[in-house]
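This report describes the fold, the cores and the helix packing of one chain. Please keep the sequence and the coordinates at hand while reading.

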Amino acid sequence: SCACLECSNARRYDLLKLSLSRINTYLGIASRAHLSLASEDAMLAAFQLSRELRRLARKEPEFKPEYIALESLSQDYGFQLLGMCWNQSEVTAVLNDLAEDSETEPEAEGLGLAFEEGIPSLVRPRLAVNYNQKRFVAHLICQQVLSSI
């Protein structure tokens, strides 16, 4: 969506170069280092990136395997982060944390509620369901927390 002359010419004349450039850009964006450092809420960014890559896989069927691989990479971020938790307080922080700017995301509205009657709000599993992050919800730690509630 860049409006510079080079990008607009690439969109008009060299669609292969544009598609490869887009894939390479998303390869960098989907890396764990970029997700961790570039956004305040890295897990939400990974969920959104996964949804965007799924949309691009439908839009550009020629490069569907590449986009599906990148989508899997972005889905692994939350799954692996949950697997790095050592104790219950870390699990609680990962599953209930939500950045301050959640009002910009319609799926996140109303999810940042505080604990009600001793039951955690579980913001992350709710967002994961909204973003179709099956591996995150199916993670053993997430399932253990859900079953304990």
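## S31 and its surroundings

S31 counts as partly exposed, because its relative accessibility is 26% and the partly exposed class runs between 20% and 50%. The model is predicted. S31 sits in the loop between α2 and α3, where α3 covers residues 32–38. Its C-alpha atom is 8.5 Å from that of Y77, although 46 residues separate S31 and Y77 along the chain.

A second pairing involves A30 and L73. These two residues are 43 apart along the chain, and their C-alpha atoms are 6.6 Å apart. L73 belongs to helix α5. With a relative accessibility of 36%, L73 also counts as partly exposed.

## Overall fold

The chain has nine helices and zero strands. Its pattern along the sequence is α-α-α-α-α-α-α-α-α. The chain has 149 residues, and 40% of them count as buried.

How much of the contact set joins residues at least 24 apart? Taking contacts between residues at least 6 apart in sequence, the share is 61%.

## Nonpolar cores

The largest nonpolar core holds 18 residues. Which of them touch the most other members? They are F47, L82, V91, L95, L127 and F136. Five elements each give two or more residues to this core: α4 (42–59), α6 (88–96), α7 (123–130), α8 (134–138) and α9 (140–148). Another core lies apart from it. That one has 15 residues, including A30, A57, F63 and L70.

L95 shows what surrounds one member of the largest core. Neighbours within four places in sequence are set aside here. L95 then contacts L82, L122, V123, R124, P125, F136 and V145. Of these, L82 and F136 are also among the core residues that touch the most other members.

## Helix α2 against α5

Helix α2 spans residues 15–29, and helix α5 spans residues 64–83. Their axes come within 10 Å. The crossing angle is roughly 10 degrees. Angles under 35 degrees count as roughly parallel, so α2 and α5 are roughly parallel to each other. Their crossing is left-handed.

From α2, the contact uses S19, R22, I23, Y26 and L27. From α5, it uses E66, Y67 and L70. Five residues of this contact are nonpolar, one is polar and two are charged. L70 is also one of the residues of the 15-residue core.

## Helix α2 against α4

How do α2 and α4 run, parallel or antiparallel? The angle between them is about 160 degrees, and their axes are 12 Å apart. Angles over 145 degrees count as roughly antiparallel. The two helices are therefore roughly antiparallel to each other. This crossing, too, is left-handed.

R22, Y26 and I29 of α2 meet L49, E52, L53 and L56 of α4. By class, the contact has five nonpolar, no polar and two charged residues. R22 and Y26 also take part in the contact of α2 with α5.

## Helix α4 against α7

α4 and α7 pack with their axes 10 Å apart, at an angle of about 10 degrees. That makes α4 roughly parallel to α7. α4 brings M43, L44, F47 and R51 to the contact. α7 brings R124, L127, A128 and N130. The residues divide into five nonpolar, one polar and two charged. F47 and L127 return here from the largest core, where they are among the residues touching the most other members.

Q48 is also part of helix α4. It counts as partly exposed, at 30% relative accessibility. The C-alpha atoms of Q48 and Q75 are separated by 9.8 Å, with their positions 27 residues apart along the chain.

## A positive phi at N132

Most residues other than glycine have a negative phi. N132 is not a glycine, yet its phi is positive, at about 60 degrees. N132 is located in the loop between α7 and α8. Is N132 buried or partly exposed? Its relative accessibility is 37%, so N132 counts as partly exposed.

Terms used
Residues numbered from 1 in each chain as written. Predicted model: local features only at pLDDT ≥ 70, side-chain atom pairs only at ≥ 80, totals over all residues. Heavy atoms only, no water. Core = buried A, V, L, I, M, F, W, Y, C linked by side-chain atoms within 4.5 Å. Buried < 20%, exposed > 50% of the residue type's maximum accessible area, 1.4 Å probe, protein only. Helix = DSSP H or I, 4+ residues; strand = E, 2+ residues; numbered from the N terminus. Contact = heavy atoms within 4.5 Å. Axes fitted to C-alpha atoms, helices over the stretch in contact; angles between N-to-C directions. Parallel < 35°, antiparallel > 145°, perpendicular 65-115°, else oblique. Left-handed = near helix turned anticlockwise from the far one by under 90°. Nonpolar A, V, L, I, M, F, W, Y, C, P; charged D, E, K, R; others polar.
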